[in-house]
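Biologist: Got a minute to walk through this one with me? I'll ask, you reason it out.

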Amino acid sequence: MTNINVLSTERLRALIEDTEATLKQLTVELERREFMQQANELEHLEEHMIGAEISLNTIRQFLAYLVNDLKDKQDKAV
């Protein structure tokens with residue numbers, strides 16, 4: 001980067017304006033990408049919900065297995 005101490009006021013002002021313009025462009029691009037990502041996630045929401053339901057069912061089955069196993073062990077202990 002150029003040594004800003006030696007820049008003219010006009011050149012410094014121009015650099016600031018360029019930087020602000022670049023920052024605005026980057027912000028717009030970032031917002032566009034975030035919007036597209038959210039839109040993509042919404043398009044696949046049903047798939048995500050099916051995956052979550054499958055995971056929940058797996059957890060329920062595992063908990064039921066644990067409960068039955070515990071009951072069997074308690075019955076054998078009595």
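**Salt bridges, surface and overall shape**

Modeller: Sure. Let's kick off with a contact: E29 pairs up with R32 in a salt bridge, where the closest N and O atoms sit 2.7 Å apart. Keep in mind that this is a predicted model.

Biologist: How many residues apart are E29 and R32?

Modeller: Both of them lie in helix 1. Their spacing is about one turn of that helix. In sequence terms, E29 and R32 are three residues apart.

Biologist: Which other residue does E29 form a salt bridge with?

Modeller: Look about one turn of helix 1 away from E29, four residues apart from it, and you land on R33. There the closest N and O atoms are 2.8 Å apart. So the cut-off of 4 Å is met. The other partner of E29 is R33.

Biologist: Of that trio, let me take R33: is it exposed or partly exposed?

Modeller: The label goes by relative accessible area, and exposed means over 50%. E29, at 25%, counts as partly exposed, and R32 is partly exposed too, at 43%. R33 has 55%, so the label for R33 is exposed.

Biologist: How many salt bridges does a search of the whole structure find?

Modeller: E29 is in one with R32 and in one with R33. Another joins the side chains of D69 and K73, at 3.4 Å from N to O. Searching the whole structure gives a count of three.

Biologist: Why are D69 and K73 separated by about one helical turn?

Modeller: Both belong to helix 2, which covers residues 45-77. D69 is partly exposed at 28%, while K73 is exposed at 53%. The separation is about one helical turn because D69 and K73 are four residues apart in helix 2.

Biologist: And which residues do salt bridges with shared partners join into one network?

Modeller: Follow the shared partner here: E29 bridges to R32 and also to R33. That makes one network of E29, R32 and R33.

Biologist: On to the greasy side. How much accessible area does the nonpolar patch on the surface have together?

Modeller: The members are I59, F62, L63, Y65 and L66. Take L63 as one of them: it lies in helix 2 and is partly exposed, with a relative accessible area of 47%. A patch member needs over 30%, so L63 clears that bar. Together the patch has about 520 Å².

Biologist: Zooming out, what is the radius of gyration of the protein?

Modeller: The fold has two helices and zero strands. For 78 residues the globule rule gives 12 Å, and the protein is well over that, so it is more spread out than a compact globule. Its C-alpha trace spans about 90 × 30 × 10 Å along the principal axes. The radius of gyration is 30 Å.

Biologist: What share of the 78 residues is buried?

Modeller: To count as buried, a residue has to be under 20% relative accessible area. A39, in helix 1 (residues 9-43), has 25%, so it counts as partly exposed. A14, also found in helix 1, is partly exposed at 27%. Across the protein, buried residues make up 0%.

Biologist: How far apart in space are A14 and V28, C-alpha to C-alpha?

Modeller: In sequence, A14 and V28 are 14 residues apart. For another pair, A39 and K24 are 15 residues apart along the chain, with 22 Å between their C-alpha atoms. For A14 and V28 the value is 21 Å.

Biologist: Last one: how far apart do the centres of the positive and negative side chains lie?

Modeller: The accessible surface comes to about 7,600 Å², and 59% of that belongs to carbon and sulfur atoms. As for charge, there are 9 positive and 15 negative side chains. The centres of those two sets lie apart by 5 Å.

Technical notes: Residues numbered from 1 in each chain as written. Predicted model: local features only at pLDDT ≥ 70, side-chain atom pairs only at ≥ 80, totals over all residues. Heavy atoms only, no water. Buried < 20%, exposed > 50% of the residue type's maximum accessible area, 1.4 Å probe, protein only. Patch = residues over 30% accessible without salt bridge, like charges linked within 9 Å, V, L, I, M, F, W, Y side chains within 5 Å. Areas by Shrake-Rupley, 256 points an atom, 1.4 Å probe, with all protein chains shown as cover. Rg over C-alpha atoms; globule rule 2.2 N^0.38 Å. Lys, Arg positive; Asp, Glu negative; His and termini not counted. Charge placed at Lys NZ, Arg CZ, Asp CG, Glu CD.
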